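Dear colleague,

Please find the structure below, together with a short account of what was found in it.

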Amino acid sequence: MSSQPKSRKQTGVRATQKAATGKAVLEAAREEFERVGFEAANLRAIAARAGVSAGTVLHHYGDKRELLHAALFDDLEETLRQALEGLGPGPLEKQLSELTRTVFGYYQRRPKLSRTLLKESLFADEPWAGKFTAQVGGVHGAIARLAQEAIARGELRPGVDGALFGAAYFSFFYFALISWVQGAHPAPVAMVERLIGQHLEGLRPISSPSPRRKER
């Protein structure tokens, strides 16, 4: 009787330790990928930075590319969660600016890793391709809902397609991200904000013209 609770406790401790080790390895991987780039990084250096053996890294994540995908997905998932949860009430343009600034803040803190993230998230193999696609899909759905709420507030015309608006936001975002990664534009957030502002102008309710006074 007494051994069963003890066994469950030991299992819980091991699970906690495993999760902590996995988290430490992912953070070490991000730091090493940012420091030397993906190609130059090696598992021994990542393991040393995390304070574990190379075998432990392999046990948790398999190989370097699998580790890269896990590190990128985990970090971006947390960033997106915080970005969406941190959005205040409308107007829509302000909400999208907050979202853009939070996500780009993540990229700008780790510019080398951002280049790898862009390449790997867009062209990853399965199962990571599906995971990254679902991640983007979650944000797209959130933006579509924000657009519907803006319609209800009267900020956008009735009939505006929220899903299509979300796709437009991503086209602006990725254009700015690619431009920034390539060194072609130093202020990607401002670029997205201007593109969104211009796009929204065409989606706002059309004011009715003032009736003309009857000529005497």
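Glu34 is buried (under 20% relative accessible area, 1.4 Å probe, protein chains only) yet has no salt bridge, that is, no side-chain nitrogen of Lys or Arg within 4 Å of a carboxyl oxygen of Asp or Glu. The nearest side chain of opposite charge (Lys and Arg count as positive, Asp and Glu as negative; His and the chain ends are not counted) is that of Arg110, 5.8 Å away. Glu34 belongs to helix H1, residues 3-36 (helices are DSSP runs of H or I, at least four residues; strands are runs of E, at least two; both are numbered from the N terminus). Beyond its neighbours within four places in sequence, Glu34 is in contact (heavy atoms within 4.5 Å) with Arg110, Pro111, Lys112 and Leu113.

This is a predicted model, in which local features need pLDDT of at least 70 and side-chain atom pairs count only at pLDDT 80 or more, while totals for chains, interfaces and linings use all residues. Residues are numbered from 1 along each chain as its sequence is written, and side-chain values use heavy atoms, leaving out hydrogens and water.

Two cis peptide bonds should also be mentioned. The bond from Gly90 to Pro91 is cis, with omega near 15°; Pro91 lies in the loop between helix H4 (64-85) and helix H5 (92-109). The bond from Glu126 to Pro127 is cis, with omega near 5°, and Pro127 is in the loop between helix H6 (111-123) and helix H7 (128-153).

Overall, the protein chain has nine helices and zero strands. Of its 216 residues, 41% count as buried.

Yours sincerely

Terms used:
Buried < 20%, exposed > 50% of the residue type's maximum accessible area, 1.4 Å probe, protein only.
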